[in-house]
Amino acid sequence: MPRPQVREFTAHSIGGGLALLLGLVGLVIGAGLLAVATVSDSNGTKAVLIILGVLVALGSGLSMSGLNMVAPGEARVLQLFGRYRGTIRHDGLRWVNPLTTRTKVSTRVRNHETAVLKVNDAYGNPIELAAVVVWKVEDTAQATFEVDDFLEFVSTQTEAAVRHIAIEYPYDAHDEDGLSLRGNAQEITEKLAVELYARVEAAGVQIIESRFTHLAYAPEIASAMLQRQQAGAVVAARRQIVDGAVGMVEAALARIAEQDIVELDSDRKAAMVSNLMVVLCGDRAAQPVLNTGTLYQ
């Protein structure tokens, strides 16, 4: 983004109570001069009083047009003949140069939620996602003069940032060390916030928080991806079962050898390992077979 050409600074203003009082006094004086002119006998004096009364009333009215009521969470951006003259953030009744134009800018915290966007992730799979961004105007001068419409600017840049993050990372990573949109939500959200800040900084906007509110595969591949996730869960469960069974077999063989319960040769150890693995890794209950003969019959 280009560097900003204008920065916010505080405009010169005074309390509006005194300005309002002086304006009302001026209007009263002007009305009094006009009243005196109506009872004056001299035409010259009458004309002078009328002119003075009109000028005082017009001056007081023009002066009172410089009064501004600023509510909390709002600001007024001042321009004098097209030149930026500062910003009023102090709430209450304030008086500024009546020749200036004043633009109201809200500095309250706002929410912007994107529509559900359909994009391709890093693996080319179509996904749907949406995000919500919490933001506020930090520099009113930049928000007014650096971009055409800061509301539309934030909306467009938020959508662009969400799309860019979506195509940089997969929905589910194939390797355990890789980042994914679903598995590393906190890290991806932080990256989204950093990119949003870089995109909207030129508009004087501060990003407070950003979160994904919707994340799913597109309907056309949702069922296929569900089967893939289920298969991955089954494989992970089986791997854990096998690891546990191997540990139990090792413990059984070590216990038998330690307590010298029975001496097994290599073939019988292999048979015992095979039987134990079938019993421990099978998904059904094993049917026991009693050997009434000797160990080798």
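# Salt bridges, core and a charged surface patch

The side chains of glutamate 195 and arginine 199 come together in a salt bridge, with an N to O distance of 3.2 Å. The model is a predicted one, and the structure holds 6 salt bridges. The points below take up several of these pairs, then the nonpolar core, and finally a patch of negative charge on the surface.

**The pair within helix H5**

- Both glutamate 195 and arginine 199 belong to helix H5, where they are 4 residues apart, which is about one turn of the helix.
- Glutamate 195 counts as buried because its relative accessibility is 15%, under the 20% limit for that class, whereas arginine 199, at 22%, counts as partly exposed.

**Salt bridges between separate parts of the chain**

- Glutamate 8 and arginine 89 meet through their side chains in a salt bridge of 2.6 Å, taken from N to O.
- Since glutamate 8 lies in the segment before strand E1 (14-15) and arginine 89 in the loop between strand E4 (83-88) and strand E5 (92-95), this pair ties together parts that are 81 residues apart in sequence.
- Glutamate 8 is partly exposed, with a relative accessible area of 24%, and arginine 89 is also partly exposed, with a value of 39%.
- Arginine 108 forms a salt bridge with glutamate 74, and the closest N and O atoms of the two are 3.9 Å apart.
- Arginine 108 is located in the loop between strand E6 (101-106) and strand E7 (110-113), and glutamate 74 in strand E3 (residues 74-80), so this salt bridge ties together parts that are 34 residues apart in sequence.
- Arginine 108 is partly exposed, with a relative accessible area of 42%, while glutamate 74 is buried, with a relative accessible area of 14%.
- A network of salt bridges links Glu74, Arg76 and Arg108.

**The largest nonpolar core**

- The largest nonpolar core has 33 residues, and those with the most contacts inside it are Ile127, Trp135, Phe150, Leu192, Val205 and Ile207.
- At least two residues of this core come from each of strand E8 (117-120), strand E9 (126-137), helix H3 (140-145), helix H4 (150-168), helix H5 (185-200) and strand E10 (205-217).
- Helix H4 gives the most to this core, with 7 residues.

**A negative patch on the surface**

- Asp260, Glu263, Asp265 and Asp267 gather on the surface in a patch of negative charge.
- Glutamate 263 sits in the loop between helix H6 (219-259) and helix H7 (266-281), and at 70% relative accessibility glutamate 263 counts as exposed.

Technical notes:
Residues numbered from 1 in each chain as written. Predicted model: local features only at pLDDT ≥ 70, side-chain atom pairs only at ≥ 80, totals over all residues. Heavy atoms only, no water. Patch = residues over 30% accessible without salt bridge, like charges linked within 9 Å, V, L, I, M, F, W, Y side chains within 5 Å. Areas by Shrake-Rupley, 256 points an atom, 1.4 Å probe, with all protein chains shown as cover. Salt bridge = Lys/Arg side-chain N within 4 Å of Asp/Glu carboxyl O. Lys, Arg positive; Asp, Glu negative; His and termini not counted. Charge placed at Lys NZ, Arg CZ, Asp CG, Glu CD. Buried < 20%, exposed > 50% of the residue type's maximum accessible area, 1.4 Å probe, protein only. Core = buried A, V, L, I, M, F, W, Y, C linked by side-chain atoms within 4.5 Å.
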